[in-house]
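Please look over the sequence and the model below before reading on, and keep both in view while the text moves from one part to the next.

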Amino acid sequence: MRRYTLIAMNPILDALLSGSQPVLIDGAMGTELVRRGVRWRKHGLLTDADKVQQLHEEYLAAGAVLIRTNTFQLNPRIYLNVFRNRQHMRHIGAPGLEDLTPKLLRTSVRVARQARANSAKEKQAVIAGVLAPLEHCFRPDLAPGFEAARGEQLELARVLAEEKVDLLLGESMNTIAEARAVAEVAGAVGLPIWISFVIGPEGELLSREPLEQAIRAVEKLGAQAVLVNCAPPAEIGRALAKVKAATKLPFGGFAHIGRFSPPSWKFEFFPQFSETESWPPERYAAEARRWHDDGARILGGCCGTTPAHIAALAQALKTSAKGAKSA
Amino acid sequence: MSYSAIASKLGAGEMVILDGAIGTEILRRNVTWADHQLATRPEFVRGIHEDYIRAGADVISTNSFQLCRRALYNHFRDDKHRHQIGAADLDERANQLLAASVHLAVQARQSAAGGRPVAVAAAITTLEWCFRPDLAPSPKQAKGEYREIFQVVKDAGADLVLLETLNSISEARAALEVAKSLALPCWTSFVCDDRGRLFTGETMADMVAALEPLGVDAILLNCAPPGDINAGLKELLAHARVTTGAYPHIGRFDPPEWMFTDEYPPARFLQVATSWKQMGARILGGCCGTTPDHIAALGDLRS
């Protein structure tokens, strides 16, 4: 069964994709909130929503024209997985855990929209609702199959759509099956979809499935752009060359910087990167500008990056655009 | 080794007071527990151990819940991926932090015990998530990992290992065999459900029959609400010949943190513990949600 829903026209988004200018997206949410001292519980959305909104505002002020909801890996499984089963969660878990995810998703979109409303870019920026792998983004072996993923991702997508995100972004997709599921649910809720794949050490999807095959699969399901993310800059650069050869869609990437430093007990992804100072904003911007010069149009930052990185990238892309015109 | 003092107390039928929660106590003091705070705020962790010693604990447990190589490695696809994007110290981090967790407890004893015999128990849980027996590795695999962990805590000065929140007989047996092969005193503590069974559905009778012949030093129940612990303790006491004990959690698990409730203030906590003492349990303390005040209240159990 596939439902073909009319994908809503979004003039700002269409203009971004159809133009020839670079599309600057934001940098990291999770790692930057943690770096700023936000205790990582419920994505900061219950206790530190003001800081989440503030960070969105800083990314917009830095020049981002697309901001991503702070919903990476925010789904009911991350709570259910730490209990024996649902009954156990009801028995010893805090009240309301079962219904918490939609509530947090709604808050995440609201703070992003409020940030945009407060921004000088109110009329030009779009909000992408982030759908991430349901299980740990670095564990493709745990990923659900297509059917299960579609059912669960649809629940998340519905909430994001109700709260009026402009598009959905399947981020750090680590298997083709889950990427297809995400692309399909976007169609079902009538939203444009971009898909971004997490790149493994082999330069393919983290699942080792070929990037080219993954791109073809999501193109068929109507993806409007293809990206690669959450690998170090050098790997993102190499993957972008593959993406360029594989698609005519607008494409791009956002690398992480530093080293993933997971906590010593937690179960799901925890946004903490160390040694990020080895990639100061100017160095990252120079690298990402090269990706742009090689044809990538959509650029931003993944884990470890900050508003300063996005501001530096905005600057670098300006000079890049001038360079391209004068050439 | 300070375990002999504890062993003689138990041998004489006396009560032994275990400490309360470390992880949730760190959270209650408004600090994140994401990385155990062993490297970042050692004085803070040591201070909580000292508070438990001053509250009267005979045995303090290290701040090492779920701290092992596997827990860190689980965040990556495989070795290749970890080496590509992971922090440089990850291959050594678990053992370094484990050793640090024991050192902090030993230091707290030096500064706060005032000559009273206090034993340091290395708190080690299941290799995978404590509430998920479905994820447990094979016993053969588990043994290798436990051997590494126990050697680290033994070398660092732990007096015994407290295997806590265990969820299956097979993993408990694997770990216990390794502890005994290293000549470490070993208490095994299980989470149980409201029927008084392990999370695998296995019975207390089968668990006791499997562990007693291997020389387990005590069998306890932990990390369930008092009502469930009560159900489990009835079953356990009906079958166990070794010393038994319990340390329930109070409040609610609010992942990744804890929700503190006023359902079991220290006085009521003591009432529950007193009923377990009367049933025959000899080692009593607190799991998640309990505080030094709860442990101080348990002092009345000695009378």
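What follows goes from a sheet to the nonpolar core and then to the contact between the chains.

The model is a predicted one, and a convenient place to enter it is chain A, where eight strands form an open sheet in the order 1-10-7-6-5-4-3-2 with parallel pairing. The edges of this sheet are strand 1 (23–24) and strand 2 (66–68) of chain A, each of which pairs on one side only. Within the sheet, strand 3 (residues 126–131) and strand 4 (residues 167–173) of chain A are joined in the parallel sense over four bridges, and A:Leu131 stands opposite A:Gly170 of strand 4. Helix 11 (residues 281–293) of chain A lies across strand 7 (251–255) and strand 10 (298–301) of chain A, and runs at about 160 degrees to strand 10.

In soluble globular proteins, nonpolar side chains tend to be buried together. Here the largest nonpolar core has 238 residues, and those touching the most other members include A:Leu168, A:Trp194 and B:Phe150. Helix 6 (residues 90–112) of chain B gives the most to this core, with eleven residues. As for A:Leu168, its contacts include A:Gly129, A:Leu131, A:Ala157 and A:Trp194.

Turning to the interface, the contact takes 43 residues from chain A and 48 residues from chain B, and the area buried between the two chains is about 4,200 Å², with carbon and sulfur atoms giving 54%. On the side of chain A, A:Arg39, A:Arg84 and A:Trp265 supply 21% of the area buried against chain B, more than any other three residues. Seven salt bridges are found across this interface, while the side chains of B:Lys80 and A:Glu202 meet in a salt bridge at 3.3 Å, N to O.

Key
Residues are numbered from 1 along each chain as its sequence is written. Chains are lettered from A and ligands numbered from 1 in the order in which they are written. This is a predicted model: local features need pLDDT of at least 70, side-chain atom pairs count only at pLDDT 80 or more; totals for chains, interfaces and linings use all residues. Side-chain values use heavy atoms; hydrogens and water are left out. Two strands pair if DSSP finds at least two bridges between them. Helices (H or I, at least four residues) and strands (E, at least two) are DSSP runs, numbered from the N terminus. Contact means heavy atoms within 4.5 Å. Axes are lines fitted to C-alpha atoms, for helices over the stretch in contact, and angles run from 0 to 180 degrees between N-to-C directions. A nonpolar core is a set of buried Ala, Val, Leu, Ile, Met, Phe, Trp, Tyr and Cys residues joined through side-chain atoms within 4.5 Å. Buried means under 20% relative accessible area, exposed over 50%, partly exposed in between (1.4 Å probe, protein chains only). Buried area is the accessible area (1.4 Å probe) that two parts lose on being put together, summed over both. A salt bridge is a side-chain nitrogen of Lys or Arg within 4 Å of a carboxyl oxygen of Asp or Glu. Lists of a residue's contacts leave out its neighbours within four places in sequence.
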